[in-house]
Amino acid sequence: MAALAFAGGACQEAPAAPPKPAAPAPARPKVTDVSAEDYVMPTLPRAHVRLKDAYGGVHRVEVEVAATGESRTRGLMWRKSLTAGQGMLFIFPDEEVRGFWMRNTLIPLDMLFITSEGRVVGIIENAEPRTLTNRSVGIPSQYVLEVPGGWCQKNGIVRGGTAEFEGVSTLPIKP
């Protein structure tokens, strides 16, 4: 029952007590699995890769740089789109034969395997999403550039071409 108060000869209802704040929801544990869809990846550094096509033209790709074990593992997982002219550059500490799979990757990608000297030694085109197939060109590389599926063919990028990197020389590369 509400309490009544008299103010200046008039009867008024006393204000109700403020509602008690709801108990806070229990905190969700931080997601630490980099391959989980709800993992929050820190913002990656950005750079550019310039690729020469088969006809001597140059194509500049804006890239996110994956230069740590965590960022290389996460890669482009769970992305629903990738705009032409954009991609992800994976940088490894040394040159060796690399293999990539597309688990939790939702879009087809072209993968360019690039040596420490900037030579494109192989391209995997339109890698099928959501598969665990190991994709490798069997030749040592230090860099792998992922771009939207079909981008290489559309732009005349072929094995044997060259790549130049802008804005990556000062980035730390972690195993």
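Two residues are said to be in contact when heavy atoms of one lie within 4.5 Å of heavy atoms of the other. In this predicted model, and leaving aside its neighbours within four places in sequence, Leu145 is by that criterion in contact with Val49, Leu51, Val63, Met88, Leu89, Asp110, Met111, Leu112 and Ile114. Leu145 also belongs to the largest nonpolar core, a set of 21 residues in which Leu51, Val63, Leu89, Leu112 and Leu145 touch the most other members. At least two residues of this core are supplied by each of strand S3 (46-52), strand S4 (58-66), S5, S6, S7, S8 and H2. A second, separate core contains 17 residues, among them Leu44, Phe90, Phe100 and Leu109.

The strands are considered next. As general background, the strands of a sheet pair through backbone hydrogen bonds, and this pairing may be either parallel or antiparallel. Here seven strands form an open sheet with mixed pairing, and their order across the sheet is S7-S6-S8-S5-S4-S3-S9. S7 and strand S9 (163-166) are the edge strands, each of which pairs on one side only. From one strand to the next, the twist averages 30°.

Within this order, strand S6 (residues 109-114) is largely enclosed by the rest of the structure, because six of its six residues are buried, a term that denotes a relative accessible area under 20%. Leu109, Met111 and Phe113 point one way from S6, whereas Asp110, Leu112 and Ile114 point the other way, and all of these residues are buried. S6 pairs in the antiparallel sense with strand S7 (residues 120-127), over five bridges, and Ile114 stands opposite Val120 in S7. The two strands S6 and S7 form a hairpin with five residues between them, and in the turn Gly118 has a positive phi of about 90°. S6 also pairs with strand S8 (residues 141-148), again in the antiparallel sense, but here over six bridges, and in this pairing Met111 stands opposite Glu146 in S8.

S8 is in turn joined by five bridges to strand S5 (residues 86-96), and S5 and S8 run antiparallel. Phe90, which is included in the second core, stands opposite Val144 in S8, while the bridge partner of Glu96 in S8 is Ser141. The mixed character of the sheet can be followed in the pairing of S4 with S5, since these two strands run parallel and are joined by five bridges, whereas S5 and S8 run antiparallel. Across the parallel pair, Glu64 stands opposite Met88 in S5, and Met88 is also one of the residues in contact with Leu145.

Outside the strands, Gln153 lies in helix H2 (residues 151-155). Gln153 counts as exposed because its relative accessible area is 61%, and the limit for that class is over 50%. Leaving aside its neighbours within four places in sequence, Gln153 is nevertheless in contact with Asp110 and Glu125; of these, Asp110 is a buried residue of S6 that is also in contact with Leu145. The C-alpha atoms of Gln153 and Leu171, which are 18 residues apart along the chain, are separated by 30 Å.

Key
Residues are numbered from 1 along each chain as its sequence is written. This is a predicted model: local features need pLDDT of at least 70, side-chain atom pairs count only at pLDDT 80 or more; totals for chains, interfaces and linings use all residues. Side-chain values use heavy atoms; hydrogens and water are left out. Buried means under 20% relative accessible area, exposed over 50%, partly exposed in between (1.4 Å probe, protein chains only). Helices (H or I, at least four residues) and strands (E, at least two) are DSSP runs, numbered from the N terminus. Two strands pair if DSSP finds at least two bridges between them. Axes are lines fitted to C-alpha atoms, for helices over the stretch in contact, and angles run from 0 to 180 degrees between N-to-C directions. A nonpolar core is a set of buried Ala, Val, Leu, Ile, Met, Phe, Trp, Tyr and Cys residues joined through side-chain atoms within 4.5 Å.
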